[in-house]
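Here are a few exercises to work through with the structure open beside you. Try each task before reading its solution.

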Amino acid sequence: MNPDPGIETLVNELRAWLDAFPGPEPAMVGIHTGGAWIAERLHARLGLSLPLGTLDISFYRDDFTRKGLHPLVRPSHLPFEVEERHILLVDDVLYTGRTIRAAMNELFDYGRPASIRLVVLAERNGRELPIQPDFCALHYNLTPEQQIKLSGPDPLRLELLAP
Amino acid sequence: MMHVPQPGPLPATQQLGPDGRLRHFLTVEGLSAELLREILAVSESFMSVAAQPVKKVPLLRGKTIFNLFFEPSTRTRTTFELAAKRLSADVMNMNISASATRKGESLLDTLRNLEAMHSDMFVVRHAESGAAQLIARHVAPHISVINAGDGRHAHPTQAMLDVFTIQRNKGDVRNLRIAIVGDILHSRVARSQIHALNILHAGEVRVVAPKTLLPADVEQLGVHIHHDMTSGLRDVDVVIMLRLQKERMSGALLPSEHEFYRLYGLTEERLAVAHPEAIVMHPGPVNRGVEIASEVADGPRSVILEQVSNGLAVRMAIMSMCLGARPGGTA
């Protein structure tokens, strides 16, 4: 499935929100890997002035002792001060909420943000933590065996994987 | 040349878990190029932790790491300690020579006691070759052992941080000429470097040393041997100087330090035959005026202090790869 219409929805919602936002312009941070792809597109379309940040949350995961370290850990890169900054945190698919918790923990190790808003392309049922998106284009109701996965970066494709 | 027996190559299976991931890190010998490249890639990620205002990640929270140093060391012990702390592990430094063994407790009794304190990892430095392997064979199954230098045998984390430093400065080692200079005979660092560089198919690895400071089996290590600096350093991209290990010298291997410096000391003039952008490395501590001139050690081509910072990231990578590999988890 082509995720472009979903990205279009997010661009429109975010643009309206940014226009009304009273504070200084927020910084956008994408979570590796899918979230960073989405964030790249949103960042370009919205013409944000602060450079895009990326987070690899491998060092902050809560399943490290069960799964070990992901072999393709990338360096996190936040090219701005996090302290007192409004942050738009971007991921591809929101499921259990554990990735977002880890990402927030990592952000706080860079400073105390003024606020964090969560932007996701898609969300599905199965939350295990009290975390909800502020901006979300697509909603799915799936069985635990089903998965949605974003592949990319060019072209981006959102796939529904059933066993 | 002097013959020093070395522990045989270790079956890779002793270092790897059933899933093929690192369990112990005792020597680079027998490990795959793929695994070494994975260590280098994970190390690169840990470099960003040093850029965080909070230089700490929660990866090894709740893990207990014992630094077992049977031989004095400041730098290596400190970087292992700091690496463990940056991973949020609890770390204990045991200076064993000064404690239990002096009261007659056997090594294995000491280990059993530390295991009873629910430790997860031993970082071992010992003057005897093979000590870390021996400990790895006898520890409880949930404990990882990292070799922080054993006798003249291996110093695998140092070798990995050196390869990491080379790669960051000069790119893929396959395209590089690398010279290792000085006291190869006593150097576990050189041995581990040579194995790591060969596994990663380095372009050309040279050793430059007098005959008396080369091990008898040096030809079998797959290196080019040079006895003089002018031929040894010609066109190299990387010069690795080794510390002259005066404390390990027995007998008359060298006429004098002064004579060594005259023939093998790295000076600006000697370095002139190397590639103009060659980098200079040294595992430390540096003997200024013995193996290297101060002007070179502190000069623009020196990456000696960068090696120290990189060592932290590489040790964080290796520690977390060993402790995260437990299927089912022990935490």
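**Exercise 1: chain B as a whole**

Among contacts in chain B between residues at least 6 apart in sequence, what percentage join residues at least 24 apart? Describe the secondary structure and burial of chain B as well.

*Solution.* Bear in mind that this is a predicted model. Start with the contacts: of those in chain B that link residues at least 6 apart in sequence, 75% connect residues at least 24 apart. Next, go through the secondary structure of chain B, which consists of twelve helices and nine strands. Finally, look at burial: chain B has 331 residues, and 49% of them count as buried.

**Exercise 2: two helices in chain B**

Find how helix 2 and helix 6 of chain B are oriented to each other, and list the residues that make their contact.

*Solution.* Locate helix 2 at residues 33-47 of chain B and helix 6 at residues 156-170 of chain B; their axes come within 10 Å and cross at roughly 70 degrees. Angles from 65 to 115 degrees count as roughly perpendicular, so helix 2 of chain B is roughly perpendicular to helix 6 of chain B. Helix 2 of chain B contributes B:Ile39, B:Leu40 and B:Ser43 to the contact, while helix 6 of chain B brings B:Met160, B:Val163, B:Phe164 and B:Gln167. Sorted by class, this contact has five nonpolar, two polar and no charged residues.

**Exercise 3: two helices in chain A**

Repeat the analysis for helix 1 and helix 2 of chain A, and add the handedness of the crossing.

*Solution.* The axes of helix 1 (residues 4-20) and helix 2 (residues 34-46) of chain A come within 10 Å, crossing at roughly 50 degrees. That angle makes helix 1 of chain A oblique to helix 2 of chain A. The crossing of helix 1 of chain A with helix 2 of chain A is right-handed. From helix 1 of chain A, the residues A:Ile7, A:Leu10, A:Val11, A:Leu14, A:Arg15 and A:Leu18 meet A:Ile38, A:Arg41, A:Leu42, A:Arg45 and A:Leu46 of helix 2 of chain A. By class, the contact between helix 1 and helix 2 of chain A has eight nonpolar, no polar and three charged residues.

**Exercise 4: a histidine in a loop**

Is B:His142 buried, partly exposed or exposed?

*Solution.* First place B:His142: this residue sits in the loop between helix 5 (131-138) and strand 4 (144-150) of chain B. Then count: B:His142 has 16 other C-beta atoms within 10 Å, so B:His142 is partly exposed.

**Exercise 5: where the chains meet**

How many residues does each chain give to the contact?

*Solution.* Chain A supplies 17 residues and chain B supplies 21 residues. On the side of chain A that touches chain B, the classes are eight nonpolar, five polar and four charged residues.

Notes. Residues are numbered from 1 along each chain as its sequence is written. Chains are lettered from A and ligands numbered from 1 in the order in which they are written. This is a predicted model: local features need pLDDT of at least 70, side-chain atom pairs count only at pLDDT 80 or more; totals for chains, interfaces and linings use all residues. Two residues are in contact if their C-beta atoms, placed from the backbone, lie within 7 Å. Ala, Val, Leu, Ile, Met, Phe, Trp, Tyr, Cys and Pro count as nonpolar, Asp, Glu, Lys and Arg as charged, and the others, Gly among them, as polar. Axes are lines fitted to C-alpha atoms, for helices over the stretch in contact, and angles run from 0 to 180 degrees between N-to-C directions. Helices (H or I, at least four residues) and strands (E, at least two) are DSSP runs, numbered from the N terminus. Angles under 35 degrees count as roughly parallel, over 145 as roughly antiparallel, 65 to 115 as roughly perpendicular and the rest as oblique. A residue is buried if 20 or more other C-beta atoms lie within 10 Å of its own, exposed if 12 or fewer, and partly exposed in between; C-beta atoms are placed from the backbone. A crossing is left-handed if the near helix is turned anticlockwise from the far one by less than a right angle, and right-handed if clockwise.
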